[in-house]
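Got the viewer open? Load the model, switch to a cartoon view and keep the selection box handy. We'll go stop by stop.

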Amino acid sequence: MKLFSCFRSFVRDFPSTWNTSLLLPSPLSDIHDIRMATYTRGQPSPSLRDAKLGRPMVIEIIEKKFEYLRKEKTLNIYGTLTLGTTAGFSGILANFIFRHCFKVKHDALKTYASLTTLPFLSTIVAYKLLVTDALYSGNISKENCVLRSSLVGIVCGILYPSSLAFSKNGRLAVRYHTVPLPPKGRVLLHWMLLCQTEIKAMVIPLVFQTMFGVLIGLQHYSLFEKTLAKTVHED
């Protein structure tokens, strides 16, 4: 009886505003626990699901960037090869003109091979160093790109093969005495007078090299700008 009276007094003295939620679990907490257990055991959480949905978009953007860069690289290679090929044909024409002027009939294969490959390689290397690398570094404008491209076509496609053909065939002419030797003090003038008429035919490749240089420079710059704009827009 004494124990029962003590319990009744404890219940009577305890505050009536006590929080029963501390003793009984709420239904909302049970639902949250069940949902978390479901995500933990079998299904991904909402953040992981969003990340998985975003992966195909990221892969698609990366593939598009690689496609743009591949297209730009392909067109850049084709343009450079076109300019180098025309430089090689200019070397062939220059070699033919100077061999005809100096009446040289020796070492034809050697001179034609060197006059074809050297202008071709020099044009490709010069275009890469002066135009392509400067364009990718961002230190070149549209007008400067076109100017550099045309200068590469003129210097490496006309002046270099003409001077190379002049020197090679001039040495062969002196070695085999196919033309009269120049007097002392007027060597260059003598050689120029021998080929002043035929050298005018080099105006034709000069026009082609200048035109190809301008067109390839414009195309390369516009393609680079489009690729850069699409890449920045998709970022």
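One definition before we start: a residue is called exposed over 50% relative accessible area, buried under 20%, and partly exposed in between, using a 1.4 Å probe and protein chains only. This is a predicted model, so to speak: local features need pLDDT of at least 70 and side-chain atom pairs count only at pLDDT 80 or more, while totals for chains, interfaces and linings use all residues. Numbering runs from 1 along each chain as its sequence is written, and side-chain values use heavy atoms, with hydrogens and water left out.

**The whole chain**

Colour by secondary structure. You should find seven helices and zero strands, where helices (H or I, at least four residues) and strands (E, at least two) are DSSP runs numbered from the N terminus. Now colour by burial: buried residues make up 28% of the 235 in the chain. The chain exposes about 16300 Å², with carbon and sulfur atoms supplying 68% of that; these areas come from the Shrake-Rupley method with a 1.4 Å probe, and for residues only the protein chains shown count as cover. If you draw contacts (heavy atoms within 4.5 Å), residues 24 or more positions apart account for 80% of those with a separation of 6 or more.

**The main core**

Select Phe98, Phe102, Ala173 and Trp191. They have the most contacts inside the largest nonpolar core, which has 17 residues. A nonpolar core here is a set of buried Ala, Val, Leu, Ile, Met, Phe, Trp, Tyr and Cys residues joined through side-chain atoms within 4.5 Å. Helix H3 (46-102) and helix H5 (142-176) are the elements that give two or more residues to this core, and H5 gives the most, with six.

Which residues does Phe98 contact, leaving aside its neighbours within four places in sequence? Show Ser162, Ala165, Phe166, Asn169, Cys195 and Ile199.

Next, centre on Ala173, in helix H5. Ala173 counts as buried because its relative accessibility is 0%. Not counting residues up to four places away, Ala173 touches Phe102, Val104, Thr178, Val179 and Trp191. Try a distance label from Ala173 to Val104: their C-alpha atoms are separated by 6.0 Å, although the two residues are 69 apart along the chain.

**The aromatic rings**

Show the rings of Phe98, Phe102, Phe166 and Trp191, which form one aromatic cluster. Rings of Phe, Tyr and Trp (its six-membered ring) pair if their centres lie within 6.5 Å; planes under 30 degrees apart count as stacked, over 60 as edge-to-face and the rest as tilted. The structure holds six such pairs. One of them is Phe102 with Trp191, edge-to-face at 4.9 Å centre to centre and 75 degrees between the planes. This pair links distant parts of the chain, with Phe102 in helix H3 and Trp191 in helix H6 (residues 187-194), 89 residues apart. Phe102 is buried at 0% relative accessible area, and Trp191 is buried too, at 7%.

**Over to helix H7**

Select Gln209, which lies in helix H7. Is Gln209 buried or exposed? Gln209 has a relative accessible area of 1%, so it is buried. Beyond residues up to four places away, Gln209 touches Leu83, Thr86, Ala87, Ser90, Gly153, Gly157 and Ile158.

Now pick Ile204, found in helix H7 (residues 203-234). Ile204 counts as exposed because its relative accessibility is 54%. Add Phe208, Met211 and Leu215: with Ile204 they form a nonpolar surface patch of about 390 Å² accessible area together. Patches are made of residues with over 30% relative accessible area and no salt bridge, like charges being joined within 9 Å and nonpolar side chains (Val, Leu, Ile, Met, Phe, Trp, Tyr) within 5 Å.

**The salt bridge**

How many salt bridges does the structure hold? There is one, a salt bridge being a side-chain nitrogen of Lys or Arg within 4 Å of a carboxyl oxygen of Asp or Glu. Select Asp133 and Lys128, whose side chains meet at 3.3 Å, N to O. Asp133 is partly exposed at 31%, and Lys128 is partly exposed at 46%.

**Last stop: a loop**

Most residues other than glycine have a negative phi. Go to Lys103, in the loop between H3 and helix H4 (108-137), where phi is positive, near 55 degrees. Asp107 is found in the loop between H3 and H4 and has a positive phi of about 50 degrees.
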